[in-house]
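Please consider the structure shown below. The account that follows turns to two loop residues and then to a pocket.

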Amino acid sequence: MNKIVPNSGVTKDETIFGGEPILTDTKTPVRAIIEMRRLSYTTAQILLRLPHLTLEQIIMATEYYEQNRAEIDPYIKSHRVPHYLIESLVKNM
């Protein structure tokens, strides 16, 4: 079932990523925006990489995370690529 979180621009839909918070009308998880921020992407760079999003959606994702860290952090942790895999990939390039 689709559940829009009031005044947040975020939706939880059990059929999309098992109910992980996503930006409304997209399949972009809030965690994706936060991880890009942690990798020092600017808002402009995020918009270039994810052109289907708007500036308002980027801001909403960031605000949602700030108010719901305990909910989003486990998603970030469970989807993080281990450093040894990244290092292996870089060495083989």
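Is Ser40 buried or exposed? In this predicted model, Ser40 has a relative accessible area of 59%, and because the cut-off for an exposed residue is over 50%, Ser40 counts as exposed. Its place in the chain is the loop between helix 1 and helix 2, the latter covering 43-49. The backbone of Ser40 has a positive phi of about 70 degrees, although Ser40 is not a glycine.

Asp25 also deserves attention. This residue is not a glycine, yet its phi is positive, at about 70 degrees. Asp25 lies in the loop that runs between strand 3 (22-23) and helix 1 (30-38). With a relative accessible area of 79%, Asp25 is exposed. Helix 1 thus has a part in the description of both loops: the loop of Asp25 is between strand 3 and helix 1, and the loop of Ser40 is between helix 1 and helix 2.

Helix 1 appears again in the largest pocket, which has a volume of about 250 Å³. Twelve residues line this pocket, and those closest to its centre are Glu35, Leu39, His79, Arg80 and Val81. Which helices supply at least two residues each to the lining? They are helix 1, helix 4 (69-79) and helix 5 (83-91). Of the contributors, helix 1 gives the most, with 4 residues. Sorted by class, the lining holds 6 nonpolar, 2 polar and 4 charged residues.

How values were computed: Residues numbered from 1 in each chain as written. Predicted model: local features only at pLDDT ≥ 70, side-chain atom pairs only at ≥ 80, totals over all residues. Heavy atoms only, no water. Buried < 20%, exposed > 50% of the residue type's maximum accessible area, 1.4 Å probe, protein only. 1 Å grid on protein atoms, 1.4 Å probe; cavity = no way out; pocket = protein on both sides within 12 Å on 5 of 7 lines; lining within 4 Å. Points joined across faces, edges and corners; volume = space filled by probe spheres on them. Nonpolar A, V, L, I, M, F, W, Y, C, P; charged D, E, K, R; others polar.
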